[in-house]
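Visitor: Please take me in for a close look at a single part of this structure. I would like to follow one connected path through its surroundings, at whatever pace suits you.

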Amino acid sequence: MFFEVELQRDVKIHATNLDKPVSRRFILACLLDNLFKEKASEDHGYFLAVTRLKSIGKGNVMDESGNTVFTVVFTCRTFKPFPGEELQGVVRYISQHGVLLKCGPIRNAFLSAWKMSKYQYIPGKKPAFLNNELSKIEKGVVVCFLVLAVRWINASRDFEMLASVDADSLGPVSLPGSDELEL
């Protein structure tokens, strides 16, 4: 789910960059760099975009080094998955045990073979899962799935998900420009 959240971060500017007045643009660039490194938080999810810069506090000199910290308040668009949510992901790996999907910034959404009971595993050079209606889940296919569980991994600052396609309207998605027949 997407959210718009208000956040506050301290942006540290090294003394070597303080020989001239610090611009808002420079502070914003430092903030974006810091958010890129932080990537996500357990509470808010993945940081996607800063949508509004609300305020930049007066710089406070930290110590004798001359480094200065500016407190920045801003709104940010985030993405955090929740159990029960329907999402779409692209198949990136297939094994007999299931499928790994990439869903936006989430690299590991696991769709277990147990949670796609209408599909049979087809081994080979291009493994896939196929059902009786010839609906095929293979590498590169977009799949609509239900989120069963979400786990935060603090070490990598990532979320992982367990997924299912055992419900109506879930499974491979037909997108414009796909291999459908035009009549």
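**From an aromatic pair to a helix**

Guide: Let's start with phenylalanine 79, which is buried, as its relative accessible area is 5%, below the 20% cut-off. Please keep in mind that this is a predicted model. The whole structure holds five aromatic pairs. In one of them, phenylalanine 79 meets phenylalanine 2: the ring centres are 5.3 Å apart and the planes stand at 45 degrees, so this pair is tilted. Because phenylalanine 2 belongs to strand 1 and phenylalanine 79 to strand 5, the pair ties together parts that are 77 residues apart in sequence. Unlike its partner, phenylalanine 2 counts as exposed, at 56% relative accessibility.

These strands lead us to the part I'd like to show you, helix 1. Its buried residues pack against strand 1 (2-13) and strand 5 (68-79), and also against strand 3 (45-56). Helix 1 covers residues 24-38, 15 residues in total, and spans 21 Å from its first C-alpha to its last, close to the 21 Å expected at 1.5 Å a residue. Which of its residues are buried? They are Ile27, Cys30, Leu31 and Leu35. Why do they sit on the same side of helix 1? Around the axis they cover an arc of only 135 degrees, which puts them there. On the face turned away from this buried side, you will find the exposed residues Arg25, Phe36 and Lys37.

Now step just past the end of helix 1, where lysine 39 takes a positive phi of about 70 degrees. Lysine 39 sits in the loop between helix 1 and strand 2 (40-41). Is lysine 39 buried, partly exposed or exposed? Its relative accessibility is 31%, so lysine 39 counts as partly exposed. Leaving aside residues up to four places away in sequence, lysine 39 touches Gly45, Tyr46 and Phe47, along with Ser156, Arg157 and Asp158. For a sense of scale, the C-alpha atom of lysine 39 is separated by 36 Å from that of lysine 118, which is 79 residues away along the chain.

One of those contacts brings us back to aromatic rings. Tyr46, touched by lysine 39, forms one aromatic cluster with Trp152 and Phe159. So our walk began with a tilted ring pair linking strand 1 and strand 5, ran along helix 1, whose buried residues pack against those strands, and ends at this cluster of Tyr46, Trp152 and Phe159.

Key
Residues are numbered from 1 along each chain as its sequence is written. This is a predicted model: local features need pLDDT of at least 70, side-chain atom pairs count only at pLDDT 80 or more; totals for chains, interfaces and linings use all residues. Side-chain values use heavy atoms; hydrogens and water are left out. Helices (H or I, at least four residues) and strands (E, at least two) are DSSP runs, numbered from the N terminus. The expected span of a helix is 1.5 Å times one less than its number of residues. Buried means under 20% relative accessible area, exposed over 50%, partly exposed in between (1.4 Å probe, protein chains only). The arc is that of the directions from the helix axis to the C-beta atoms. Contact means heavy atoms within 4.5 Å. Rings of Phe, Tyr and Trp (its six-membered ring) pair if their centres lie within 6.5 Å; planes under 30 degrees apart count as stacked, over 60 as edge-to-face and the rest as tilted.
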